[in-house]
Amino acid sequence: MVKISVPDDVEKIIEILEQNGFEAYIVGGCVRDSLMGRLPKDWDITTSASPQEVKQCFRRTIDTGIAHGTVTVMMGQTGYEVTTYRLDGEYTDSRHPSSVTFTRALSEDLKRRDFTINAMAYNEAAGLADLFGGMEDLENGLIRAVGDPAERFSEDALRIMRAVRFSAQLDFTIEENTLEAAATLSSNLEKISKERIREELVKTLESAHPERTVLFEDIGAMPWIFPAFGRRRQERLKKLSEMPPDRLLRLAAFLEGCTKEEAEVVLRELKFDNDTLKRTAALIEYGAKEISPDETAVRKLLSSFGTEDIERLLLFSGHEELEPVVKRILKRGDCISLKTLALGGRELGELGLKPGKIMGEILKALLERVLEDPGLNSEEKLIPIARELIKKTEERK
Ligand code: ATP
Ligand code: MG
């Protein structure tokens, strides 16, 4: 018989529910991961008890999603989600069930789940509840829809994204009929929110097999993710397999070959936050530039690209050999921005300049000189240069 070792807190929650006359199991991702010998991220519990009944069994609970039957049970500092067995009502929009009905039958709850490997439950007394051959699919590395795949993808098109995501995370194959239904119904992704599409895309990109994003293309899902993916498919896949599992690097690799503007459009369309958008687009923009290995060029690069993602940029552009140069410059503390330039607005003011556009230009020109020769970064050396620059601009007028 299958045995899963469950954390004490989780065992305790199941025990208490059982003592009160209810059924309770761990379910879904944690069962799948445990059976694969992976450590689950979180432990979800499913129970025959209604949300009100769950609340009566425990001292400290939080109403997390009462409408969907989820109550968080607090054990010490940790919360565990306990969800009442439920069946989803009819799906009328490929997105949301129109209603949720609680049930006392575990089988009904397992039936509504997406894939066989995600539709198993377990507890110590009953062992593994595996009604759809999840264990066998786990052993064979298969993502298979529970029930009729076309029906399940019509109910909720996000499951199409999830099939690819799990395939990438677990290195599993999507079972033939499931894949075929995914391909037939991929245009239903039109109805799925961009945020949810984004989340599944990111999980796929961050996974052990980011190159599986090609499955999105194969099943015709790219129009809702990144329409121009196919333009440089081979390059993108190669780049993806070369990058470590870092969100920004994998995103940049996914979009590689785009212009900065094209990348921004895709990321904005998928509702990425501004920080991700800017940093990914910068990686793409700078990744396409030549970087020469001399210190001056690297200082200029640091000055305009910034230091935050410089290691990522070196990886992305295949210029890891520049890492020692970057380290040396940063360690020495060479001036690479106006913040550490020995002359500022105040000193230029003392030379008779008023704050404004010209002052800004002169500061930039001084920084440029210092980037070329860090030895110039002292007041005494910069003042004569500043004087000359001021004189020149006055002559131009
Ligand atoms: P992860 O390790 O990424 O959290 P997971 O399997 O726990 O993977 P969740 O999104 O946390 O995935 O969902 C928990 C469980 O709920 C799944 O294992 C599955 O049984 C069920 N589930 C989640 N989303 C859907 C869906 N769109 N359709 C059907 N069942 C779903
Ligand atoms: Mg989960």
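Reader: Which residues does E155 touch, not counting those up to four places away in sequence?

Author: Contact means heavy atoms within 4.5 Å. By that criterion E155 touches Y91, S94 and R95 in this predicted model. Residues are numbered from 1 along each chain as its sequence is written, chains are lettered from A and ligands numbered from 1 in the order in which they are written. In this predicted model local features need pLDDT of at least 70, side-chain atom pairs count only at pLDDT 80 or more, and totals for chains, interfaces and linings use all residues, while side-chain values use heavy atoms, with hydrogens and water left out.

Reader: Where does E155 lie, and in which helix?

Author: Helices (H or I, at least four residues) are DSSP runs, numbered from the N terminus. E155 belongs to helix 6, residues 149-155. From C-alpha to C-alpha, E155 is 7.8 Å from E90 in space, with their positions 65 residues apart in sequence.

Reader: What joins the side chains of E155 and R152?

Author: A polar contact is a pair of N or O atoms within 3.5 Å; within protein, one must be able to donate a hydrogen and the other to accept it, and residues adjacent in sequence count only if both atoms are side-chain atoms. The side chains of E155 and R152 are joined by such a contact, of 2.9 Å.

Reader: Which residues come nearest to ligand 1?

Author: A residue is near a molecule if one of its heavy atoms lies within 4 Å of it. There are 13 residues around ligand 1, and R32, D156, R159, R162 and R165 come nearest. A polar side-chain atom of D156 is 2.9 Å from a nitrogen atom of the ligand. For R162, a polar side-chain atom lies 2.9 Å from a ligand oxygen atom, and for R165 a side-chain N or O atom is 2.7 Å from an oxygen atom of the ligand.

Reader: How should the packing of helix 16 and helix 17 be read, and at what angle do their axes cross?

Author: Two packed helices are described by the angle between their axes and the distance between the axes. Axes are lines fitted to C-alpha atoms over the stretch in contact, and angles run from 0 to 180 degrees between N-to-C directions. The axes of helix 16 (residues 310-317) and helix 17 (residues 323-332) cross at roughly 160° and come within 11 Å. The two helices are therefore roughly antiparallel, a term for angles over 145 degrees. I310, E311 and L314 of helix 16 make the contact with E323, V326 and K327 of helix 17.

Notes
Angles under 35 degrees count as roughly parallel, over 145 as roughly antiparallel, 65 to 115 as roughly perpendicular and the rest as oblique.
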